[in-house]
Every structure is written in structure tokens, then in C-alpha cells.
Amino acid sequence: MESQVRGGTRWKRFAVVMVPSVAATACIGVALAQGALAASFSVSGQSFKVTTKELVGEGFSQYGAIDEGYTADGKKTAHPVAVSAFKSATIKSLCQSVVTPNIPVFGNVSLILRAGDGAQPVEAKNLYIDVAELNADATFTNIDIGVAAKDATKGPGMKGGGEQANPFGFAQQAEKAVLKDVKQTAWATTAGTFKLSGLKMSLSTGVKECY
């Protein structure tokens, strides 16, 4: 069975699917704010943008979670995210950008990383992306929607390590996911291995992003 999604899917629309899981983690967010729980790591006060021409992932799952972190001025905060997980993935034409604002003398400084533009794509194992906003064309093979997060066995499993997620909350999974013309904003990416073929990194002043 294949399920295909056409057109842009921004966070507000994307959240319609993820609302049950995010709502289920609301109580976890309260405990987090009270210091009762420890996250696997604290995210920075800067989200980053990513584009890819094509991401082909084997063993896909997705569930709601909360990322603990900081604002840019060092205050504690938390972000609701949709965690997209893949047992393995190949990525063509990866671009990742982050802008650091208000650096003395220089002003805004942009970091752009590119990889996988040649014959060899980027390769990742046990890849987790904590997504805040997504726009892509997506095709899923043998998809299950509404499975409990802890029982989403087609993917690599939940991250664990103190992750702020409800194991009984809403999740979806598929044997394969193909995402084309991806534009997304994320708070964190983790992977068991991440091979960046043809890596290029550049710094420049001003605001220069992947999209």
C-alpha cells in the first residue's frame, strides 16, 4: 500500500496529524518546566533550516515530543516537535543553514553546509530529525497511522535517553518514505552514523539561508 501527499505541508497543517501526540505530551511539558524530567540533551536557542532534493528512508516512524532547550539569550524553554525517525536514509543535495544574529562588528552571520550534490548522496543510519515545520511531497509505503509510539516497530524506535515523549501517544510508521523537494525547520538532528559526501561549509555575513 502506498500513500502519497502532494503539495506543501506547513507546520499548522502538519500539526493536525500530530496534535494527538503533542497534546499527550502536554503533561510531560509541565513536568519539564518544573524540572522533574531530564531531556537527552538541551537544544540551542537557534533552529536551523534544511532543504533536500530527495530523501529516501527505510524504516520510518514519527511521533510527537518536546525538546528542552534555551532561548538565544539563555532562558530555559521547550519546543513541541514531530520526531521523524529512519532506520536508514539517503539524501540528495542536502543544504543546512543557521543564522547567528547580532554578532558585534559583523552583525548577522550565516553558516551554510552542503553535501550530497554529486554522484554519492548523504547516508545516515538511525536518523532522528526533530521537526518544527515541513514542506515536501511525500510517498509512504505500507503506512500505519495511529499506532502507539512505543509500538511503532517499523522505524528505529523512540530515541530514549530521557526523551520528552509519551510512549502511549499517537505515532505513524511506514516501511519506506520518499520525500521530495523538502524544506523544513528543525531543532535537532541525531544519527548513529552520518556520512556527508562532498561536504562544503561556508560562513558569510548577512542572512543567507537554504530557503
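In the predicted model, Gln172 is located in strand S7, which spans residues 170-190. With a relative accessibility of 9%, Gln172 counts as buried, because this value lies under the 20% cut-off. The side chain of Gln172 is joined to that of Gln62 by a polar contact of 2.6 Å.

Charged side chains are also paired in the model, and the count of salt bridges comes to seven. In one of them, Glu209 is paired with Lys49, and the closest N and O atoms of the two residues are 3.6 Å apart. Glu209 lies in the segment that follows strand S9 (200-205), whereas Lys49 belongs to strand S2 (residues 48-70), so that this salt bridge ties together parts that are 160 residues apart in sequence. Both partners are partly exposed, Glu209 with a relative accessible area of 34% and Lys49 with one of 22%.

Strand S2 also contributes Glu54, which is linked to Lys92 of strand S3 (residues 76-92), so that parts 38 residues apart in sequence are tied together. The closest N and O atoms of Glu54 and Lys92 are 3.6 Å apart, and the pair forms a salt bridge. Here the two partners fall into separate accessibility classes: Glu54 counts as buried at 17% relative accessibility, while Lys92 is partly exposed, with a relative accessible area of 43%. A further salt bridge is formed between the side chains of Lys76 and Glu68, with an N to O distance of 3.4 Å. In this pair Lys76 is exposed, its relative accessible area being 55%, whereas Glu68, at 12% relative accessibility, counts as buried.

Attention then turns to the pockets of the model. The second largest pocket has a volume of about 200 Å³ and is lined by 19 residues, among which Val50, Leu55, Leu127, Ile129 and Gln184 lie nearest its centre. At least two lining residues are supplied by each of S2, S3, strand S4 (94-103), strand S6 (122-148) and S7, and the largest share of the lining, five residues, is drawn from S2. In terms of residue character, the lining of the second largest pocket consists of 13 nonpolar and six polar residues, with no charged residue among them. Strand S2 thus recurs in this description, as the strand that holds Lys49 and Glu54 and as the source of the largest share of the lining of the second largest pocket. Strand S7, in which Gln172 is found, likewise supplies at least two residues of that lining.

Technical notes:
Residues are numbered from 1 along each chain as its sequence is written. This is a predicted model: local features need pLDDT of at least 70, side-chain atom pairs count only at pLDDT 80 or more; totals for chains, interfaces and linings use all residues. Side-chain values use heavy atoms; hydrogens and water are left out. Helices (H or I, at least four residues) and strands (E, at least two) are DSSP runs, numbered from the N terminus. Buried means under 20% relative accessible area, exposed over 50%, partly exposed in between (1.4 Å probe, protein chains only). A polar contact is a pair of N or O atoms within 3.5 Å; within protein, one must be able to donate a hydrogen and the other to accept it, and residues adjacent in sequence count only if both atoms are side-chain atoms. A salt bridge is a side-chain nitrogen of Lys or Arg within 4 Å of a carboxyl oxygen of Asp or Glu. On a 1 Å grid over the protein atoms alone, a cavity is a set of points where a 1.4 Å probe fits but cannot get out, and a pocket is an open set with protein on both sides within 12 Å along at least five of seven lines; lining residues have an atom within 4 Å of a point. Grid points are joined across faces, edges and corners, and a volume is the space filled by probe spheres set on the points. Ala, Val, Leu, Ile, Met, Phe, Trp, Tyr, Cys and Pro count as nonpolar, Asp, Glu, Lys and Arg as charged, and the others, Gly among them, as polar.
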